[in-house]
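Please read the sequence and the model side by side before going further. The report after them is meant to be followed with both in view.

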Amino acid sequence: MVHATVYVGFTVPQLLRGAQSRIFPSHSPLGVLRHSAFCYCTGNGTIKSKRKMDHLERTANNFRQEVITQAKVCGITNESETVKRLRLAIANKDFTFKAGQWVDFFIPGVSVVGGFSICSSPGLLEREGILELAVKHTAHPPAHWVHTECTLDSEVALRVGADLHGYQEGKGNRHELGTVKLYYSAKNTSELLFKKNILGLMKAFPGKITCCFHVTQQRSQICEELQPHITEGRISEKDLEKHISNDTSWYICGPPPMIESISKLLTNIGVPRNRIFFEKWW
């Protein structure tokens, strides 16, 4: 059966030597997961949390590969005023991932483990041994390190998590992708990361991949290439209700208030809860 998919988004030898004591000390988040806090989605789609948990706590029950690999920063670029793209050279040939997965991000000298989405394709890793991450500037220690201390040749360690695709294959639920519709919202067009890549995919797969960019605080002129795909204002019920069907899966990515709002909106317009998926590692 062909399905439709809707994405709604807001947009080292020395390092690993003695890894058990240096990267995973007994008092580290990997050694002791504090169970006094929790985050969950209630029946009405509302996200509840007693306190802000770190990445390892939030994803403690997620599948992870056993391989932890060294990586060296070989490129840093500014995707926007608030987001840096890290280009990482991976030496371990056993390190693999599937599109849509994330990594645990271990930094020497930083006790908090980061969790970042992989923004490059598995093909780039196969061809060049390169993996890329997009990291937004926040006060969270791993993200803060990326934006203030990370330099070319900085060494880190990575581990891939959340192999949902593999899980679905094992359960016999694999399906052929039909069409993809992306709703992508940001403050302005400069914060629409990878917009050129997205436009390129739309041209390469006409009718199969489409995108509607939303901007909420645009002050400057929108370039001619983007104009046909831009809507001013937030993603609304009217935008989404036209895509409701029994074969549509909904994937939401963004900050907690946005995910809470969109998941509740989808439930209210009749989308079954088992068709709504979102990241919960913030």
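What follows goes from the whole chain to its cores, its charged pairs, two helices and two lysines.

**The whole chain**

This is a predicted model, and its secondary structure comes to nine helices and 14 strands. The protein has 282 residues, of which 43% count as buried. Its accessible surface is about 15,500 Å², and carbon and sulfur atoms account for 51% of that surface.

**Nonpolar cores**

In soluble globular proteins, nonpolar side chains tend to be buried together. Here the largest nonpolar core has 23 residues, and those with the most contacts inside it are L88, I90, F95, F105, L131, L133 and L158. At least two residues of this core come from each of the strands β4 (69-78), β5, β6, β8 and β9, and from helix α5 as well. For a view from one member, take L158, which, when residues up to four places away in sequence are not counted, touches V67, I68, T69, A71, L88, I90, F95, V103, D104, F105, F106 and L131. Apart from the largest core lies another one, of 15 residues, which includes F194, L199, C211 and I230.

**Helix α5 and its cover**

Helix α5 runs over residues 141-148, and its buried residues are P142, A143, W145, V146 and H147. Among the elements that cover these buried residues are the strands β5 (83-90), β6 (102-107), β7 (110-117), β8 (130-136) and β9 (155-161).

**Salt bridges**

The structure holds six salt bridges, and the table lists some of them with the distance between the closest N and O atoms.

| Pair | Closest N and O atoms |
|---|---|
| R85 and E132 | 2.6 Å |
| E132 and R87 | 2.7 Å |
| R159 and D104 | 2.9 Å |

Each of these pairs links distant parts of the chain, as the positions of the partners show: R159 belongs to strand β9 and D104 to strand β6, with their places 55 residues apart in the sequence. Both R159 and D104 are buried. Salt bridges that share partners also join E79, R85, R87, E128 and E132 into one network. Within this network, R85 is buried, and so is E132. E132 in strand β8 and R87 in strand β5 are 45 residues apart, and their pair links distant parts of the chain. Is R87 buried, partly exposed or exposed? R87 has a relative accessible area of 27%, so it counts as partly exposed, since this class lies between the cut-offs of 20% and 50%. E132, by contrast, has a relative accessible area of 8% and is therefore buried.

**Helix α9**

Helix α9 covers residues 256-268, and at 1.5 Å a residue its 13 residues should span 18 Å, which agrees with the 18 Å between its end C-alpha atoms. Which residues of α9 are buried? They are M258, I259, I262, S263, L265 and L266. Seen down the axis of α9, these buried residues fall within an arc of 160°, so they line one face of the helix. On the other side of α9, P257 and N268 are exposed. The helix is followed by G270, whose phi is positive, near 100°.

**Two lysines in strands**

K72 lies in strand β4, and its relative accessible area of 35% makes it partly exposed. Leaving aside neighbours within four places in sequence, K72 is in contact with R87, L88, A89, D153, S154 and E155. K72 and T151 are 79 residues apart along the chain, while their C-alpha atoms are separated by 9.8 Å.

K84 is found in strand β5. Is K84 buried or exposed? With a relative accessible area of 17%, K84 is buried, because the cut-off for buried is under 20%. Not counting residues up to four places away in sequence, K84 touches I76, T77, N78, E79, L133, A134, V135, V146 and H147. K84 and K136 are 52 residues apart in sequence, and their C-alpha atoms are 6.5 Å apart in space.

Key:
Residues are numbered from 1 along each chain as its sequence is written. This is a predicted model: local features need pLDDT of at least 70, side-chain atom pairs count only at pLDDT 80 or more; totals for chains, interfaces and linings use all residues. Side-chain values use heavy atoms; hydrogens and water are left out. Helices (H or I, at least four residues) and strands (E, at least two) are DSSP runs, numbered from the N terminus. Buried means under 20% relative accessible area, exposed over 50%, partly exposed in between (1.4 Å probe, protein chains only). Accessible areas come from the Shrake-Rupley method with a 1.4 Å probe; for residues, only the protein chains shown count as cover. Contact means heavy atoms within 4.5 Å. A salt bridge is a side-chain nitrogen of Lys or Arg within 4 Å of a carboxyl oxygen of Asp or Glu. The expected span of a helix is 1.5 Å times one less than its number of residues. The arc is that of the directions from the helix axis to the C-beta atoms. A nonpolar core is a set of buried Ala, Val, Leu, Ile, Met, Phe, Trp, Tyr and Cys residues joined through side-chain atoms within 4.5 Å.
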